[in-house]
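Reader: I have a structure in front of me and would like to learn how to read it. Where do we begin?

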Amino acid sequence: MKHSVRILAGLMGLGSAMSQADWGLNMTRGVTSVSEDVYGLHMAIFWVCVIIGVIVFGVMFWSIIMHRKSRGVKPATFHESTLVEILWTTIPFLILVGMAIPATKTLIHMYDADDSDIDIKVTGHQWKWEYEYLGEGVSFFSNLSTPLEQIYNVRRKNPNYLLEVDEPLVVPTGKKIRFLITAGDVIHSWWVPALAVKKDAIPGFINEAWTIIDKPGIYRGQCAELCGRNHAFMPIVLDVRSEEDYASWLGEKREEAKAIRALTARDWSYDELYDRGKGVYNKVCAQCHQANGMGIPGAFPALKGTPMTTKKDQLTAHVDIVVNGKKGTAMQAFGPQLNEADLAAVITYERNAWGNNTGQMVKPVDILQYKKTGQLPQTGDQAK
Amino acid sequence: MSAMTDTGHADAHHGPAKGLMRWVLTTNHKDIGSMYLWFSFFMFLAGGFMAMVIRAELFEPGMQIVEPEFYNQMLTMHGLIMVFGAVMPAFTGLANWMIPMMVGAPDMALPRMNNWSFWILPFAFALMMSTLFMEGGGPNFGWTAYAPLSTDYGPKSTTFFIFAIHMMGISSIMGAINIIATILNLRAPGMTLMKMPLFVWTWLITAYLLIAVMPVLAGAVTMMLMDIHFGTSFFNAGGGGDPVLYQHVFWFFGHPEVYIMILPAFGIVSAIIPAFARKPLFGYTSMVYATASIAFLSFIVWAHHMFTVGIPVTGELFFMYATMLIAVPTGVKVFNWITTMFRGAMTFETPMLFSLAFVVLFTLGGFSGLMLAIAPADFQYHDTYFVVAHFHYVLVSGAVFAIIAGVYYWLPKWTGHMYDETLAKTHFWLSFIGMNLTFFPMHFLGLAGMPRRIPDYALQFTDFNMIASAGGFLFGTTQLLFLFVVIKCVICGKKAAAKPWEGADGLEWSVPSPAPYHTFSTPPDVK
């Protein structure tokens, strides 16, 4: 199958390039029976097109070569034939019916998301994916992990440039996994080619998709619906493990949740918060507000030298916008996305970096209280 | 030749006015046609320049030339300008010039409205393009403007974009009304509907499509306007609205819109192929019926643009079947063109070269369209470069090649001069190579998994993107040669005969070249 595509490409004058193995030319066969079916449909319709193309263009080029005026031919005068018209209306119609039957079967199969073993809620956000293992008490956000230095060509690019995340979605082999797909802001689309799953993530809607994967491995995908500035920068990484490995991973995630609660409770120094905040800022905030805090005029406000980050009495407003977001803008609610330690750290960082020297710090326990009561404790406004 | 003597008489009284006001105040279909064509050509260059920015950024992985938000503005503007500024006005320009001459009418039926429908356009596009210089930038959500990215999350300039779309819609609707009125009322005696050239037929059907769907687009953007400024929630899920509703309404406009951009192209090619094959068009009647069938089907396939939004399976199946059905009448058209060539006596002047390229490359675009119709496979193709390849094959080597073919074909009639055949053939071959170099690799990119509308991509897509960019620069610069050929033809081309093409047929060739300012003041005799 692949061979034929190469021939086609060769015809277009790309022959010399074909020797390079990493030139992906065709759709992936994927790793599920559904993706195999889809690949089969793709190749079937491709060959139908090739055969029709060969016949049609064959007649055309025959005419171009044989029936040219320079050969001294006399033009014929025929200009209609009802029989021929009927034939070339019916034959394509029958071919299409032949294609529609297997396509219908596959489509109905793909829509049958019942009787799943594992349900995972997938939520698209500008510009990250959130995964929630329903009934397991495990949920997390999955961010692009390619550093900005690579995107802006300062450093050499990783082999998985733009297709790598800080925390992949982990699933087991051999189980029917149902994805419940939605979005928190604009429309995104969750696409993993190896599964032949692509479903739009739409605010206010929950779409279903499912898969059963037999082969462990890492499978990569991307957001497939234009969703704003960083549409190109919200990949999907799927880590498919054996059932036992999956179970132990799930256990670890539960432990981790405990550890994070401990992190909130412990006492933090200013320097610890500032350093942690810098890391969080560059990972989560810098894509819009920029690493230098200058933002992008007209699109994303600057954080450097603005009243909110420099006036001491604006601390609560600052915490509010980070935790609850700002409706109708790209500033989303980070309260549910980040743990208290990260929130406290990033706010502390923003109030002291780039010459914003307020000297103020916020502790994780303060954020916890803010999340519960909507107010910071009086001691929250403390100097470093 | 009663037409010729009549025009001589009319000329003595009523030639074109002098100076700039001729163009501002003109109600002459030829003047207005020329203005449409020049306008669309400059829009083509502007949209093309934006495509060059896109291809330059995509030449290699990483962000080099522009920032993602500006990239998104470029891809949005590129789409809007090419659809509403380049392709549609070019067809209206050709319609203005040719339809009255083809049906033996003295002018368009509503000449003053004709003036207005053109003059709206420069202002609409000035308004739209000015958004690029506004705070927050221009529209950055793709030409499809999906809510809520375009409403709650859109830049402030979206309002100007909405008004610009309204103005373009008014212009298109008026143009369409004018064309229908001309065709139905001003045909010369004896010019029955089934004797009309196919270009007239395809435009008649296109004009009905325009009247049907431009108000739908106006409705969609008006709902956007209400959501943005008046607190409604048509498309806002948080307020009880439905973001998918926008897509249904948009594509109810959008799918007929893509046929609006291809049906007149069918008409042009159906005029040129018989002329250079020296043989009458095969299956005229079936061509008319096929065009009408395509137009009808275009209203019931819109959701194939939305196979991944989660439509219920029965809906998905309906739209899949209806979409596949379009291949039948489209196939009939291609078979008819090829049978027209079969046993003809062909020559290969530039209009014919562009038309032959049209047949081959448009068919390739049709094939990928058929592949996209298969809903399960579309889950893999959707929103990838495979789709980008598909619609550029039908719009660049389809619509644009047909427009260029038409320009070369009728240029002698318009200017009274022949164009430089060698230069024009160079223009063809460079365009042909550049076009394929740009868009063919995009099939591979899409199948290999590259999403569309991204300013940066994973490393495995690098090589094909470099080829596509190189091809894009070739195709883009080649169009400056087109400008040169046309200017050279206007200024110092060789004198053209009334009928410069041996096999050409139709009333437009019965008047002198250049066509006098007024033609067919007395209707011609149609046998």
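Author: With a term. Domain bounds come from an automatic or database domain assignment. This is a predicted model. In chain A the assignment gives domain 1 (23–110), domain 2 (118–259) and domain 3 (266–383).

Reader: What distance separates the centres of domain 1 and domain 2 of chain A?

Author: Taken over C-alpha atoms, 38 Å lie between the two centres.

Reader: How many residues of domain 1 of chain A are in contact with domain 2 of chain A?

Author: Seven residues of domain 1 are in contact with 10 residues of domain 2. On the domain 1 side, three are nonpolar and four are polar. No charged residues appear on that side.

Reader: Why is chain A called more spread out than a compact globule?

Author: Compare its radius of gyration with the globule rule. Chain A has a value of 28 Å, and the rule gives 21 Å for 384 residues, so the chain is more spread out than a compact globule. The C-alpha atoms fill a box of roughly 95 × 50 × 40 Å along the principal axes. By element, chain A has 10 helices and 12 strands.

Reader: How do I read a sheet?

Author: Start with the general idea. Strands of a sheet pair through backbone hydrogen bonds, either parallel or antiparallel. Now a case. Five strands of chain A form an open sheet in the order E4-E10-E9-E6-E7, with mixed pairing.

Reader: Which strands are at the edges of this sheet?

Author: Strand E4 (169–172) and strand E7 (197–201) of chain A, each of which pairs on one side only. From one strand to the next, the twist averages 25°.

Reader: What packs on the sheet, touching E4 and E10 of chain A?

Author: Helix H5 (residues 243–265) of chain A does. The direction of H5 makes about 135° with that of E4(A). As for the two strands, E4(A) and strand E10 (residues 236–241) run parallel, joined by four bridges. Across that pairing, A:Pro172 stands opposite A:Arg241.

Reader: Where can I see both kinds of pairing on one strand?

Author: Try strand E1 (residues 118–125) of chain A. E1(A) runs parallel to strand E5 (residues 176–183), with seven bridges joining them. There, A:Gly124 has A:Ala183 as its bridge partner. With strand E2 (residues 128–133) of chain A, E1(A) pairs in the antiparallel sense over six bridges. A:Lys121 stands opposite A:Glu132 in that second pairing.

Reader: How many residues lie between E1(A) and E2(A) in their hairpin?

Author: Two residues lie between them.

Reader: Now the two chains. How many residues does each chain bring to the contact?

Author: Chain A brings 84 residues and chain B brings 81 residues. On chain A, helix H1 (2–14), helix H2 (33–66), helix H3 (82–110) and E7 each supply at least two residues. H3(A) gives the most, with 14 residues.

Reader: What classes of residue make up the side of chain A that touches chain B?

Author: That side divides into 50 nonpolar, 21 polar and 13 charged residues.

Reader: What confidence values come with the prediction?

Author: For the complex, the predictor gives an ipTM of 0.91 and a pTM of 0.89. Chain B averages a pLDDT of 94, and 97% of the residues score at least 70. Over residues 1–12 of chain B, however, the pLDDT is below 50. Beyond near neighbours in sequence, this stretch has 22 contacts in the model.

Methods: Residues are numbered from 1 along each chain as its sequence is written. Chains are lettered from A and ligands numbered from 1 in the order in which they are written. This is a predicted model: local features need pLDDT of at least 70, side-chain atom pairs count only at pLDDT 80 or more; totals for chains, interfaces and linings use all residues. pLDDT is the predictor's confidence in each residue, from 0 to 100. Two residues are in contact if their C-beta atoms, placed from the backbone, lie within 7 Å. Ala, Val, Leu, Ile, Met, Phe, Trp, Tyr, Cys and Pro count as nonpolar, Asp, Glu, Lys and Arg as charged, and the others, Gly among them, as polar. Two strands pair if DSSP finds at least two bridges between them. Axes are lines fitted to C-alpha atoms, for helices over the stretch in contact, and angles run from 0 to 180 degrees between N-to-C directions. The radius of gyration is taken over C-alpha atoms; the globule rule is 2.2 Å times the number of residues to the power 0.38.
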